[in-house]
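This report looks at empty space, chain symmetry and ring contacts, in that order.

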Protein chains: 2
Amino acid sequence: MLIILDEETLLKAVGDRNVVKKQNATIYDVANRVGVSLATVSRVVNGNKNVRDSTKEKVLKAIDELGYQPNAVARGLASKKSTTIGIVMPDVTNLYYAELTRGINDVANMYHYDVLLTNTDDDPVRDVLAINSLESKQVDGIIFMGNELDQGVRKTIDALNIPVVLAGCVDAQQKLPSVNIDYIDAFYEITASLLRHGHENVALVMGSLDEAINRDYRLAGYTKALNEVGRQVDEKLLFTTGRDYQKTLELAPKVVASGATAMIVYDDVVAVALLNYLHDHHFDLPGQMELVTSNDTNYSIISRPQLTSIAQPKYDIGAVAMRMLTKLMNNEDLKEQAVKLPHTIVQRQTTHELN
Amino acid sequence: MLIILDEETLLKAVGDRNVVKKQNATIYDVANRVGVSLATVSRVVNGNKNVRDSTKEKVLKAIDELGYQPNAVARGLASKKSTTIGIVMPDVTNLYYAELTRGINDVANMYHYDVLLTNTDDDPVRDVLAINSLESKQVDGIIFMGNELDQGVRKTIDALNIPVVLAGCVDAQQKLPSVNIDYIDAFYEITASLLRHGHENVALVMGSLDEAINRDYRLAGYTKALNEVGRQVDEKLLFTTGRDYQKTLELAPKVVASGATAMIVYDDVVAVALLNYLHDHHFDLPGQMELVTSNDTNYSIISRPQLTSIAQPKYDIGAVAMRMLTKLMNNEDLKEQAVKLPHTIVQRQTTHELN
DNA sequence: GCAGTTACTGCAAACGCTTACAATATTTTT
DNA sequence: AAAAATATTGTAAGCGTTTGCAGTAACTGC
């Protein structure tokens with residue numbers, strides 16, 4: 001025997017603890033209520049103009065009364081679009097990436113996309129896993145950030161049916177659309193400026209030289225400035241370290257020992273560690289040591305003395321990358337593949353007057 | 001006439017620019033290749049044991065050869081599960097929330113959930129929109145963070161069929177599962193300690209008193225300590241401000257003018273602003289002013305002098321919240337609804353020896 | 001070697017929506 | 001007022017899975 005309980009009875013039977021929440025209405029319920037077909041409801045939901053105004057109103061009314069919300073999953077399956085994009089990034093707790101993310105998020109929202117976020121700690125294996133997972137979730141696009149575009153990652157991306165834009169991430173092969181500042185230029189400028197100030201030994205502190213962004217961009221700009229005044233790169237003035245406060249603290253004495261009187265640092269966390277080491281060892285900045293950092297996050301304002309920095313429009317890099325992605329998802333063409341946003345040098349207290 | 005092109009011809013026809021990437025294989029392709037039914041393939045994919053080993057192997061082989069990856073969207077529709085959770089938070093660029101997020105993310109990943117991230121800037125309207133959007137995307141659970149659980153937000157959550165856990169967010173009504181430190185206790189302790197040091201005027205700098213977390217927790221702990229030594233709260237020593245560096249800089253002189261000789265601050269960004277104001281006005285810390293902050297982010301280590309802080313296990317709060325959510329999504333019971341993780345007071349340079 | 005179990009496997013109906021295409025209304029034209 | 005054109009609506013076939021049920025194959029024990 002089949003027993004059918006009405007909702008009220010059911011509620012009583014189940015008791016208070018397990019209140020049966022109202023089942024979400026489906027498009028079918030709406031259609032029934034109004035006495036039209038699914039297709040019509042679907043049309044008004046999707047803003048298709050081929051619906052008589054009077055019908056549209058009735059449908060809208062029913063939608064409101066039923067509290068109907070289209071099921072995005074079903075929609076995704078039927079339309080092959082998820083209105084979701086994926087972000088693959090090293091680490092949200094890094095302010096630099098967090099600000100890029102914020103830019104991406106805001107623009108994504110503006111275009112009604114949701115954002116799936118994955119932290120991969122710059123591990124290529126996890127990058128690939130993340131991308132695959134995003135693919136299976138049928139995201140409409142992906143924004144990739146990170147120090148380096150690993151071979152495996154590139155292969156994975158190439159095999160993808162989904163548009164990808166790099167943000168704050170350099171593509172040595174110039175194939176993928178990307179948004180960055182002109183790193184070569186930025187590092188060239190600041191190096192040249194410090195050289196003009198008469199520094200003999202300008203140290204460069206960056207990430208691993210295995211990464212294109214360090215080798216082919218930061219170091220390249222630095223080298224260019226040196227060469228221009230007829231000098232060679234002195235390897236003793238080159239330092240590499242991850243974005244880690246403690247580890248950098250250990251690196252600091254070596255940098256000091258190198259005899260550098262100025263240093264250019266690729267990341268604020270690293271720069272602050274260096275700064276604090278110097279501060280704690282009673283160095284005079286900028287008197288004994290000039291210091292320029294590179295990402296201009298809050299850290300450079302908060303530290304004392306405040307850090308002179310290459311300022312990247314972080315939020316904008318994210319925002320522009322996302323904007324480009326919307327175009328790609330829309331099958332529009334991109335005017336530029338490798339967008340370079342303008343950077344500035346913000347003069348604060350760890351350098352003398354720059355020029 | 002129907003013309004069927006093989007892939008090669010098609011590739012030529014379409015030209016290089018628009019290379020047709022290999023269509024993703026479906027479960028159907030796998031089944032065909034092996035000569036079994038969809039159901040069987042589905043079973044092996046889902047680890048159902050009712051499959052003969054030999055069959056399983058054949059299927060696995062085909063999956064590998066075809067590079068088959070189950071379509072998560074279709075899966076979601078059929079199974080009503082998305083293996084995705086949502087995070088609703090104020091702002092990723094705030095280090096406090098970023099670290100919570102990282103904790104959530106890591107645990108989510110461990111359980112093979114993906115994470116949909118929304119920034120709402122603590123705006124209740126956007127909170128509600130975000131939650132609705134997540135619901136339509138059929139997330140299996142939601143983690144909510146923020147200063148305050150607005151009425152409207154609560155109503156939305158109550159109407160949800162999806163489990164929600166609060167992280168670093170207090171529920172005045174104690175209904176929703178949450179993870180926090182014991183704010184009352186923490187603020188009580190630190191206030192008591194400063195009072196023992198002989199301070200007459202201890203300022204409290206927090207967020208809006210409209211928010212339960214400030215009114216019923218931070219202020220409550222502070223009040224309790226005062227009352228315990230037979231004193232009343234002096235409203236002139238109470239300050240409220242958002243987590244904003246610049247705005248706090250404007251607040252700073254007022255705090256100084258209040259005659260406070262010690263202050264307790266609810267957020268690191270705010271604390272650093274205050275600290276820098278004092279530093280820039282040649283105050284001696286902790287000599288003329290003792291300062292305790294509350295979130296123990298990188299800022300408190302990076303600033304000079306380093307900030308004494310109430311230390312929250314931020315990453316763990318996120319991680320535990322996510323762990324609780326997995327249980328709820330699994331219909332398991334929670335041992336505790338309102339989890340309180342232990343906090344500590346980290347003594348640094350802006351206070352004298354604490355006790 | 002046969003009934004009774006148990007282990008596998010397949011069938012087919014969902015899941016909630018989009019979207020060609022077909023069908024019907026309505027308006028316009030002549 | 002009929003034909004033609006256009007606007008509106010409905011039908012039904014997917015989208016790629018999961019899963020209850022039923023059927024078949026493979027073992028058990030006697």
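**Cavities**

Four cavities of 30 Å³ or more are found in the structure, which is a predicted model. The largest cavity holds about 210 Å³ of space. Its lining counts 14 residues, and those closest to the centre are A:Val73, A:Thr84, A:Lys137, B:Val73 and B:Lys137.

Which helices each supply at least two residues of this lining? They are α5 (72–79) of chain A and α5 (72–79) of chain B. The largest share comes from α5(A), with three residues. Sorted by class, the lining of the largest cavity has seven nonpolar residues, five polar ones and two charged ones.

**Symmetry**

Two copies of a chain are related by a rotation about an axis and a shift along it. Here, a turn of 180° with a shift of 0.0 Å along the axis lays chain A on chain B, at an RMSD of 0.1 Å. The two chains are therefore related by a two-fold axis. Within chain A, the C-alpha nearest this axis belongs to A:Leu116, at 2.2 Å.

**Aromatic rings**

A pair of aromatic rings is described by the distance of the centres and the angle of the planes. How many aromatic pairs does the structure hold over all chains? There are three. One of them joins A:Tyr96 and A:Tyr97 in an edge-to-face arrangement, with 5.1 Å from centre to centre and 70° between the planes. The angle is over 60 degrees, so the pair counts as edge-to-face.

Are the two partners in chain A buried or exposed? A:Tyr96 has a relative accessible area of 3%, and A:Tyr97 has 2%. Both values fall under the 20% cut-off, so both residues count as buried.

In chain B, B:Tyr96 and B:Tyr97 also form an edge-to-face pair, with 5.1 Å between centres and 70° between planes. B:Tyr96 and B:Tyr97 are both buried.

**Charges over rings**

Lysines lie over tyrosine faces in chain A and in chain B. The table gives the distance to the ring centre for each.

| Lysine | Ring | Distance from ring centre |
|---|---|---|
| A:Lys224 | A:Tyr188 | 4.3 Å |
| B:Lys224 | B:Tyr188 | 4.3 Å |

**In brief**

The largest cavity draws lining residues from α5 of chain A and α5 of chain B. A turn of 180° lays chain A on chain B. The edge-to-face pairs include A:Tyr96 with A:Tyr97 and B:Tyr96 with B:Tyr97.

Conventions: Residues are numbered from 1 along each chain as its sequence is written. Chains are lettered from A and ligands numbered from 1 in the order in which they are written. This is a predicted model: local features need pLDDT of at least 70, side-chain atom pairs count only at pLDDT 80 or more; totals for chains, interfaces and linings use all residues. Side-chain values use heavy atoms; hydrogens and water are left out. Rings of Phe, Tyr and Trp (its six-membered ring) pair if their centres lie within 6.5 Å; planes under 30 degrees apart count as stacked, over 60 as edge-to-face and the rest as tilted. Buried means under 20% relative accessible area, exposed over 50%, partly exposed in between (1.4 Å probe, protein chains only). A charge sits over a ring if NZ of Lys or CZ of Arg is within 6 Å of the ring centre and within 35 degrees of the ring normal. On a 1 Å grid over the protein atoms alone, a cavity is a set of points where a 1.4 Å probe fits but cannot get out, and a pocket is an open set with protein on both sides within 12 Å along at least five of seven lines; lining residues have an atom within 4 Å of a point. Grid points are joined across faces, edges and corners, and a volume is the space filled by probe spheres set on the points. Helices (H or I, at least four residues) and strands (E, at least two) are DSSP runs, numbered from the N terminus. Ala, Val, Leu, Ile, Met, Phe, Trp, Tyr, Cys and Pro count as nonpolar, Asp, Glu, Lys and Arg as charged, and the others, Gly among them, as polar. Copies are superposed by least squares on the C-alpha atoms of residues with pLDDT of at least 70 in both.
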